[in-house]
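This report goes through a two-chain model from a single residue up to domains and interfaces. The sequence and coordinates come first.

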Amino acid sequence: MDLVTVKGLSKRYGGIVALSEATFSACAGEVHALLGENGAGKSTFIQILSGAVQHDGGSILVDGQDYRPANPDAAQALGIAAVFQELSLIPDLSVEQNIWFRHEPRTLLRTVNRAEMRRKTLALLDKYSFPALRPDQELRRLTLAERQIVEIAKGLAKDPRILILDEATSALPAREAEWLLKLTRQLATEGRLVIFISHRMAEVRAIADRLTIFRNGSTVAAHEANAVSDNEIVTQMIGRHLDRLYPERVSTATDLIALRVSNLSSGSRLTGVDFALREGEVLGVGGLQGHGQRELFQALFGATRATGAIELWGKPTSIGNPRQALTGKDGIALVPEDRRGQGLLLTKSVRENLTLSVIRRFTENGLLSRQKEAALVKEMVDFLRIKAGTPEQLAGTLSGGNQQKVIFGKMLLTQARVLLLYDPTRGVDVGTKGEIFQLMRDLAAKGYAILFHSSDMPELVHVADRVLVMRNGRIAATLEGDRISEAGILRAAMLESEAA
Amino acid sequence: MSAFLARNRLIVLAYAGMLVLLLVTALFSPGFLSVSNMRSTVVLAAFVGIVALGQTFVIIGGGIDLSVPWVLNSAAIIMALLCGGQDLPLVWVMPLLLAGGAFIGLINGVGVARFGVPPIIMTLATNVILQGLILVLTGGSPTPSAPALIQFLSVGRIGGFPVIALIWLALTLVATLLLSKAAFGRHLYALGTSATVAEFSGVPTARTTILTYVISGLTAAFAGMLLTGYSGQAYLGMGDAYLFTSIAAVAIGGASILGGSGHYLGTVAGALVLTILTGLLPALNLSSGALLIVYGAVILLTVSIGSETFAGLGGKLRRRES
């Protein structure tokens with residue numbers, strides 16, 4: 001019998017229909033993938049399942065019982081826990097305090113039983129072979145990937161019958177993502193139901209038994225995973241035929257060096273990096289996470305202190321802060337890692353976000369010209385096909401893909417022609433991913449020079465002209481032509497002896 | 001029009017609240033709406049409004065300026081001492097003291113933006129240091145009376161309008177241009193919304209922060225000199241009331257105390273609300289202690305109703321219930 005059966009589920013927010021007539025069924029011991037573009041209704045669906053929001057219509061049966069939790073606590077009491085993309089951890093608490101937050105083991109005096117908490121933490125981490133995590137480490141010292149792993153531990157600590165993983169791999173580097181997939185299978189073997197959301201088709205392929213596809217707030221199909229092709233899935237997700245995710249790789253690189261970096265170092269994370277990026281080139285940066293990619297991008301943008309020499313279009317430059325980086329035709333622009341924390345003013349409009357870096361350009365005698373601003377905003381919204389009701393819509397209410405487009409737009413409005421893209425497709429739906437890759441190619445053809453990091457290795461393999469593989473803060477290898485492959489990147493990233 | 005209302009809901013709310021308060025006050029104390037009483041209300045509100053101008057910029061940028069009481073007081077006392085009741089020295093004393101106020105703001109701003117001192121600590125420290133300096137300077141003795149010209153600026157009239165109201169109007173225009181029509185305003189709102197995003201977008205965050213404290217130092221010093229003209233002389237402690245009122249005016253005007261939103265046009269309404277309130281409460285025939293209690297409670301309530309924090313919380317609670 002099915003563990004969960006959903007019929008005719010609907011949810012509205014004011015006049016907006018987030019979910020209508022959704023159906024779903026899954027059994028214990030199964031890994032069930034949810035697929036769909038951002039805004040297709042997956043998030044609303046799992047928010048309802050996890051008790052974060054309540055549905056307006058339809059029914060959910062869990063174990064044959066009517067299920068309508070008033071809040072996440074009630075859902076957890078019924079054995080349903082969720083690990084969300086938006087992290088819910090408290091930076092000032094330790095790893096174990098976060099894992100057991102509000103469910104701490106108690107002594108007879110109702111104080112927290114620290115010894116018991118430590119024992120339970122170690123047992124949990126051991127049982128599921130968690131990657132190295134110290135229970136007493138303060139959370140604020142952890143990387144985004146490590147925090148995501150703590151979040152997963154927190155979900156498992158509830159010992160749920162149903163575990164929902166929302167894009168849990170998107171923040172994880174290759175090795176940890178691999179671990180999570182194994183973990184997911186292990187949970188299914190234990191008789192739990194894992195509901196799994198991912199934008200990476202390969203992962204879905206690797207672990208899902210069944211999958212349900214959402215589009216425009218409804219379910220459009222459910223399949224046995226091995227009975228449907230990638231193409232069919234993508235077509236059902238986007239409702240039209242997408243020719244292919246990756247644009248044709250036509251190298252437009254010239255001999256002109258746009259960015260030359262010599263002996264760039266920053267603390268212990270970045271030690272003596274040299275490379276050159278040419279006009280019209282898309283240069284990938286890969287390797288295991290935490291090997292200096294973040295520091296490299298931030299140092300080039302002036303967001304982290306670094307030593308070494310940087311030349312832009314042949315001219316030696318010193319970049320002390322992002323403002324200097326963005327100035328002028330010889331500038332250098334960054335689409336940052338943390339879309340919500342570094343990229344966007346969530347409570348401000350699309351217009352204000354787009355023009356923030358170049359607002360001085362719209363002033364006449366010190367006063368802003370709204371017409372000039374509006375004209376350029378419209379041009380950029382049309383060019384990038386940003387789906388917003390009006391330019392006055394708040395950036396925080398856009399879908400992930402459209403938020404990312406706004407950040408691209410903000411950077412393209414500066415005159416910088418060297419673009420640093422740090423994981424620009426993270427948490428972005430497949431349709432927008434394709435648009436972003438096409439945009440990168442188009443920009444390269446126009447003479448932009450692009451440095452591109454992705455935590456999703458196939459993207460580097462299919463999009464970049466060359467790939468720099470980083471290891472321990474250095475460039476371990478530069479891959480070109482046929483040598484660009486997932487195996488090639490991994491080998492260079494992990495093996496000390498690989499010749500560059 | 002509806003878009004304008006939606007965007008400026010809290011400011012519109014502040015003016016609506018002010019009108020209601022005005023009517024209630026008129027009910028309790030007939031004659032409150034008389035021309036002469038309105039005139040004196042606007043004059044008193046102007047002092048709050050001018051101090052709160054700088055405070056508005058600082059708060060929108062995500063900071064707070066607790067040094068306004070003694071920047072104001074220092075300017076008042078030093079002006080009285082240097083002028084000795086004469087008009088002529090004002091020619092150099094006023095620019096000097098405005099520069100002095102700006103300099104204190106510069107110290108505050110550099111401490112916050114360059115050295116990472118929390119705004120509360122930084123500005124509290126300059127406030128206490130200024131207080132100490134003035135006590136040393138005066139030895140606690142009273143100062144000469146204010147020059148006639150300054151008295152004209154604060155209590156004089158031109159064509160029936162209080163001069164200070166005209167000054168306030170001009171300053172309101174300048175503040176509005178800076179916030180709504182200058183690149184600086186855009187940078188300021190971005191800074192207050194998220195300093196990290198602003199930095200990553202190339203906003204000169206340090207310069208913008210410093211400038212807000214400089215503006216606050218300027219307006220506090222200017223208000224100090226005008227207030228000396230109003231009371232006829234400078235005295236110790238004359239700025240103390242303006243710490244609370246300058247912040248409350250900004251909050252009642254709809255700005256988030258955490259930064260990133262608000263407008264000086266809202267603060268203007270806030271300054272008027274606070275002043276009308278001080279006119280209403282005596283009419284209720286309460287003891288002075290009870291008066292302060294009611295004053296504080298009413299401000300707390302007004303700020304809570306207007307503030308976005310409260311609106312957000314209310315929304316959250318409603319969602320829980322449904």
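## A residue of chain B

B:Val155 counts as partly exposed because 17 C-beta neighbours lie inside 10 Å. The cut-off for a buried residue is 20 or more such neighbours, and that for an exposed one is 12 or fewer. The model is predicted, and this count, like the other values here, is computed from it. B:Val155 belongs to helix H7 of chain B, which covers residues 148–155. Leaving aside residues up to four places away in sequence, B:Val155 touches B:Gly229 and B:Tyr230. B:Ser231 is 76 residues from B:Val155 in sequence, and the C-alpha to C-alpha distance between B:Val155 and B:Ser231 is 9.4 Å.

## Chain A as a whole

Chain A has 17 helices and 22 strands. Its radius of gyration is 24 Å, which agrees with the value near 23 Å for a compact globule of 500 residues. Along the principal axes, the C-alpha atoms of chain A fill a box of roughly 70 × 50 × 50 Å. Of the 500 residues in chain A, 49% are buried. Among contacts in chain A with a separation of 6 or more, 67% are between residues 24 or more positions apart.

## Strand E7 and its partners

Which residues cover the two faces of E7(A)? On one side are A:Ile162, A:Ile164 and A:Asp166, on the other A:Leu163 and A:Leu165, and all of them are buried. Strand E7 of chain A spans residues 162–166; five of the five are buried, so the strand is largely enclosed by the rest of the structure.

E7(A) pairs with two strands of chain A, as tabulated here.

| Partner of E7(A) | Residues | Sense | Bridges |
|---|---|---|---|
| E6(A) | 80–83 | parallel | four |
| E8(A) | 193–197 | parallel | five |

A:Ile162 takes part in both pairings. In the pairing with E6(A), A:Ile162 is the bridge partner of A:Ile80. Towards E8(A), A:Ile162 stands opposite A:Leu193. Between E7(A) and E8(A) comes helix H6 of chain A, residues 174–189, and the three elements make a right-handed β-α-β unit.

## Domains of chain A

The domain assignment divides chain A into domain 1 (4–238) and domain 2 (257–494). The C-alpha centres of domain 1 of chain A and domain 2 of chain A are 31 Å apart. Their contact takes 17 residues from domain 1 of chain A and 15 residues from domain 2 of chain A. On the domain 1 side, H6 and helix H8 (230–238) of chain A each supply at least two residues. H8(A) gives the most to that side, with three residues. The side of domain 1 of chain A that touches domain 2 of chain A has seven nonpolar, six polar and four charged residues. H6 of chain A therefore has a place both in the β-α-β unit and on the domain 1 side of this contact.

## Contact between the chains

How many residues of chain B are in contact with chain A? There are 19 of them, in contact with 25 residues of chain A. Helix H9 (183–193) and helix H10 (195–200) of chain B each supply at least two residues of the side of chain B that touches chain A. H9(B) gives the most to this side, with five residues. By class, the residues of the side of chain B that touches chain A are nine nonpolar, seven polar and three charged.

Definitions and conventions: Residues are numbered from 1 along each chain as its sequence is written. Chains are lettered from A and ligands numbered from 1 in the order in which they are written. This is a predicted model: local features need pLDDT of at least 70, side-chain atom pairs count only at pLDDT 80 or more; totals for chains, interfaces and linings use all residues. The radius of gyration is taken over C-alpha atoms; the globule rule is 2.2 Å times the number of residues to the power 0.38. Two residues are in contact if their C-beta atoms, placed from the backbone, lie within 7 Å. Two strands pair if DSSP finds at least two bridges between them. A crossover is right-handed if, with the strands pointing away from the viewer, the path from the first strand over the helix to the second runs clockwise. Ala, Val, Leu, Ile, Met, Phe, Trp, Tyr, Cys and Pro count as nonpolar, Asp, Glu, Lys and Arg as charged, and the others, Gly among them, as polar. Domain bounds come from an automatic or database domain assignment.
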